[in-house]
Amino acid sequence: MFLVDSHCHISDLNFREQHESFEDAYRNAMAAGVTHMLNICCELPQFAKMAADSAPYDNVWLTAGTHPENISAEWTEEQLRECCSNPKVIAIGEVGLDYYYDADTKVTQQRDFIRQIAMARELRLPLVIHARQAPLDTWNIVRSERASDVGGIFHSCAESLDFAGKVLDAGFYISVNGIITFKSGENIRELARYVPLDRLLVETDSPYLAPVPYRGRSNEPAFVVKTAEKLAEVKGVEYERVLEQTSANFEQLFSVSLAESFPR
Ligand SMILES: [Zn+2]
């Protein structure tokens, strides 16, 4: 039985109080039954460190890309290609639009989103998409740039069911994070009930958004267990069923084998 944290920021974990190194967080995750992780890049200058942190572990993969909040960090197609030549890179991300924090950079965000979809198509890699308070523009770009040719996942999705329906119809997956455990997370529970289990993944988005009962602490991959447990409850299925199906979804989306990459 496998359990994947499909979205974590390993290089940003709390190395001051919670862990001495990624090794600690990795061991906590493995001890909790979290067997695989996808280490998500937010800007290319951090990629080398991420790659070094992940290098010893076959069960930790990488993405490469520029987050909409980091569009001030200039990047070139050549740099992104170079990062993606690392065989651990299985997606372009995280990319997208965020009008909540950075509404004044809409045009640049859209330009970078479009450029990175083009790269995903060129490199035949799926996309890890961050969309916050920008459903219309996100959907228009995804459609006009034919992002569904490579597919991908809308992570920490908190948009409407109408938006979720559109991206599901276009073949994308949706992941839920620890907010599903929050008292205030009814919109995420509603989303999780709506999305079919064969299109769902679970994630921590660590070090952010630690699930109940770890709220207030820095999040880490081990805590994705709480999100998977809550998802099982919300869907009314066995916990094992959630592990089995989210694992199959991860393999399908990212074209990897969890069994082959699991350390013996
Ligand atoms: Zn993230």
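## Helix 8 and helix 9

Helix 8 (residues 224–235) packs against helix 9 (residues 239–254) at an angle of about 110°, and their axes lie 8 Å apart. Helix 8 is therefore roughly perpendicular to helix 9. The model is a predicted one, and the values in this report are to be read accordingly.

On the side of helix 8, the contact is made by Ala 228, Glu 229, Leu 231, Ala 232 and Lys 235. Their counterparts in helix 9 are Tyr 239, Arg 241, Val 242 and Leu 243. By class, the residues of this contact comprise 6 nonpolar and 3 charged, with no polar residue.

## The parallel sheet

The strands form an open sheet of 8, in the order 1-2-3-4-5-6-7-8, with parallel pairing. Strand 1 (4–8) and strand 8 (200–202) are the edge strands, each of which pairs on one side only. From one strand to the next, the twist averages 30°.

At one edge, strand 1 pairs with strand 2 (residues 36–39) in the parallel sense, over 3 bridges. Within this pairing, Val 4 has His 36 of strand 2 as its bridge partner. Is strand 1, an edge strand, mostly covered or mostly exposed? Strand 1 is mostly covered, with 5 of its 5 residues buried.

## Strands 4, 5 and 6

Strand 5 (residues 127–132) has pairings with strand 4 and with strand 6. Strand 4 and strand 5 run parallel and are joined by 6 bridges. The pairing of strand 5 with strand 6 (residues 152–154) is likewise in the parallel sense, over 3 bridges.

Leu 127 takes part in the register of both pairings: Ile 92 stands opposite Leu 127 in strand 5, and Leu 127 stands opposite Gly 152 in strand 6. Strand 5 is mostly covered, as 5 of its 6 residues are buried.

## Helix 2

Which residues of helix 2 are buried? They are Phe 47, Met 50, Asp 53 and Ser 54. These residues cover an arc of only 125° around the axis, and so they lie on the same side of helix 2. On the other side of helix 2, the exposed residues are Ala 48, Lys 49 and Ala 52.

The buried residues of helix 2 pack against helix 1 (22–32), strand 2, strand 3 and helix 3. Their surroundings thus include both helices and strands of the sheet.

## Helix 3

In helix 3 (residues 77–84), the residues Leu 80, Cys 83 and Cys 84 are buried. Viewed down the axis of helix 3, the buried residues fall within an arc of 95°, so they line one face of the helix.

The buried residues of helix 3 pack against helix 2 (47–54), strand 3 (60–64), strand 4 (89–98) and helix 4 (106–123). Helix 2 and strand 3 are among these partners, and the buried residues of helix 2 for their part pack against strand 3 and helix 3.

## Cis peptide bonds

A cis peptide bond links Gly 93 to Glu 94, with omega of about 0°. Glu 94 lies in strand 4, the strand that runs parallel to strand 5.

A cis peptide bond also joins Val 212 and Pro 213, where omega is about 10°. Pro 213 is placed in the loop between strand 8 and helix 8. This loop leads from an edge strand of the sheet towards the helix that packs against helix 9.

## Positive phi values

Arg 146 has a phi near 55°, a positive value in a residue other than glycine. Arg 146 is located in the loop between helix 5 (135–144) and strand 6. Why does Arg 146 count as exposed? There are 12 other C-beta atoms within 10 Å of Arg 146, and a residue is exposed if 12 or fewer lie within that distance.

Leu 209, although it is not a glycine, has a positive phi of about 55°. Leu 209 is found in the loop between strand 8 and helix 8, and Pro 213 has its place in the loop between strand 8 and helix 8 as well. With 19 other C-beta atoms within 10 Å, Leu 209 is partly exposed, because a residue counts as buried if 20 or more lie within that distance.

Note on methods: Residues are numbered from 1 along each chain as its sequence is written. This is a predicted model: local features need pLDDT of at least 70, side-chain atom pairs count only at pLDDT 80 or more; totals for chains, interfaces and linings use all residues. Two strands pair if DSSP finds at least two bridges between them. Helices (H or I, at least four residues) and strands (E, at least two) are DSSP runs, numbered from the N terminus. Axes are lines fitted to C-alpha atoms, for helices over the stretch in contact, and angles run from 0 to 180 degrees between N-to-C directions. Angles under 35 degrees count as roughly parallel, over 145 as roughly antiparallel, 65 to 115 as roughly perpendicular and the rest as oblique. Two residues are in contact if their C-beta atoms, placed from the backbone, lie within 7 Å. Ala, Val, Leu, Ile, Met, Phe, Trp, Tyr, Cys and Pro count as nonpolar, Asp, Glu, Lys and Arg as charged, and the others, Gly among them, as polar. The arc is that of the directions from the helix axis to the C-beta atoms.
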